[in-house]
Amino acid sequence: MKILVTYAFDEEILPFEIQGCELTFLKTGMGKVLSAFNLTKALCENRYNLVLNVGTAGTLSHKVGDIFVCHRFVDRDMEKIELPDVCKDISFPEKVGVDIVDNYEQIGIVNTGDSFVTEVGHFNGDVIDMEAFAQAQICKELNVNFVSVKYVTDIIGQNSGEIWLDKLRDARESLKAFFA
């Protein structure tokens, strides 16, 4: 299986292997637009069976150090817009053919938007990031399976920016161990 592993920036990830799979790593950059552009370019140049988004996220209701496998994605920037044909929620099958993600019990929803969330508010989802929905939308349009694995680095409303930076090393090591 050919898998494209996406991540926003180098400090989030350490290279890993998945037995029986050919992995290509792609740094997409931070935010929906840059992430969508770089993923689209990569998918136009090569065909993959799966896009595996790996990275960090904040949360309102879980613990720092939790890892979620996510198959559902919400766009918080579009969530409140009530217009026909506005895509604001995307889901993918929970089985993608990779044992570690197919058999993981902590399943979540990613809430994506173009801002680094630092204040408590109403968010539909378990984890909050800035790229996953855009990547999910590209994969849906191009008929490529998509899944996201997110490590919780910070609790929204508790100095999210500073905590997030401090937890990057833990995230890298935990995500590498997750795939080991």
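**Exercise 1. Is E22 buried, partly exposed or exposed, and what is its relative accessible area?** Work this out on the predicted model above, then place the residue and list its contacts.

*Solution.*
- Step 1: Start with the location. E22 belongs to strand β2, which covers residues 22–27.
- Step 2: Take the relative accessible area, which is 47% for E22. Exposed would need over 50% and buried under 20%, so E22 is partly exposed.
- Step 3: Look for contacts, leaving out residues up to four places away in sequence. E22 then touches M1, K2 and I3.
- Step 4: Finish with a distance check. E22 and V110 are 88 residues apart along the chain, and their C-alpha atoms are separated by 26 Å.

**Exercise 2. Describe how helices α1 and α3 meet.** Give the geometry, then the residues involved.

*Solution.*
- Step 1: Choose the descriptors. Two packed helices are described by the angle between their axes and by the distance between the axes.
- Step 2: Apply them here. The axes of α1 (residues 32–45) and α3 (residues 132–141) come within 8 Å and cross at roughly 30°.
- Step 3: Add the handedness, which is right-handed for the crossing of α1 and α3.
- Step 4: List the contact residues. From α1 they are K32, S35, A36, L39, T40 and L43, and from α3 they are A134, Q135, I138 and C139.
- Step 5: Sort them by character. The contact of α1 with α3 has six nonpolar residues, three polar ones and one charged one.

**Exercise 3. How many of the ten residues of α3 are buried, and what follows the helix?** Move along α3 and then into the loop after it.

*Solution.*
- Step 1: Count. Seven of the ten residues of α3 are buried, and the helix is mostly covered.
- Step 2: Name them. The buried residues in α3 are A132, F133, A134, Q135, A136, I138 and C139.
- Step 3: Step past the helix. N143 sits in the loop between α3 and β8 (145–155).
- Step 4: Check the backbone. Phi of N143 is near 60°, a positive value in a residue other than glycine.
- Step 5: Compare with the cut-off. Exposed means over 50%, so N143, at 66% relative accessibility, counts as exposed.

**Exercise 4. What does R47 touch?** Locate this residue, then look at its surroundings.

*Solution.*
- Step 1: Find R47 in the loop between α1 and β3.
- Step 2: Read its accessibility. R47 counts as exposed because its relative accessibility is 53%.
- Step 3: Collect contacts, again without residues up to four places away in sequence. R47 touches K2, L142, N143 and V144.
- Step 4: Take one of these partners and check the spacing. R47 and V144 are 97 residues apart along the chain, while their C-alpha atoms are separated by 8.7 Å.

**Exercise 5. Which residues line the second largest cavity?** Begin with the cavities as a group, then go to the lining.

*Solution.*
- Step 1: Recall the idea. Rolling a probe the size of a water molecule over the atoms shows where empty space is left.
- Step 2: Count the results. The structure has two cavities of 30 Å³ or more.
- Step 3: Pick the second largest cavity, with a volume of about 30 Å³.
- Step 4: Name its lining: Y7, A8, E12, T28, N53, V54, G55, E131, Q135 and K150.
- Step 5: Sort the lining of this cavity into three nonpolar, four polar and three charged residues.
- Step 6: Trace the source. Strand β3 (residues 50–59) gives the largest share of this lining, three residues.

Conventions: Residues are numbered from 1 along each chain as its sequence is written. This is a predicted model: local features need pLDDT of at least 70, side-chain atom pairs count only at pLDDT 80 or more; totals for chains, interfaces and linings use all residues. Side-chain values use heavy atoms; hydrogens and water are left out. Axes are lines fitted to C-alpha atoms, for helices over the stretch in contact, and angles run from 0 to 180 degrees between N-to-C directions. Helices (H or I, at least four residues) and strands (E, at least two) are DSSP runs, numbered from the N terminus. A crossing is left-handed if the near helix is turned anticlockwise from the far one by less than a right angle, and right-handed if clockwise. Contact means heavy atoms within 4.5 Å. Ala, Val, Leu, Ile, Met, Phe, Trp, Tyr, Cys and Pro count as nonpolar, Asp, Glu, Lys and Arg as charged, and the others, Gly among them, as polar. Buried means under 20% relative accessible area, exposed over 50%, partly exposed in between (1.4 Å probe, protein chains only). On a 1 Å grid over the protein atoms alone, a cavity is a set of points where a 1.4 Å probe fits but cannot get out, and a pocket is an open set with protein on both sides within 12 Å along at least five of seven lines; lining residues have an atom within 4 Å of a point. Grid points are joined across faces, edges and corners, and a volume is the space filled by probe spheres set on the points.
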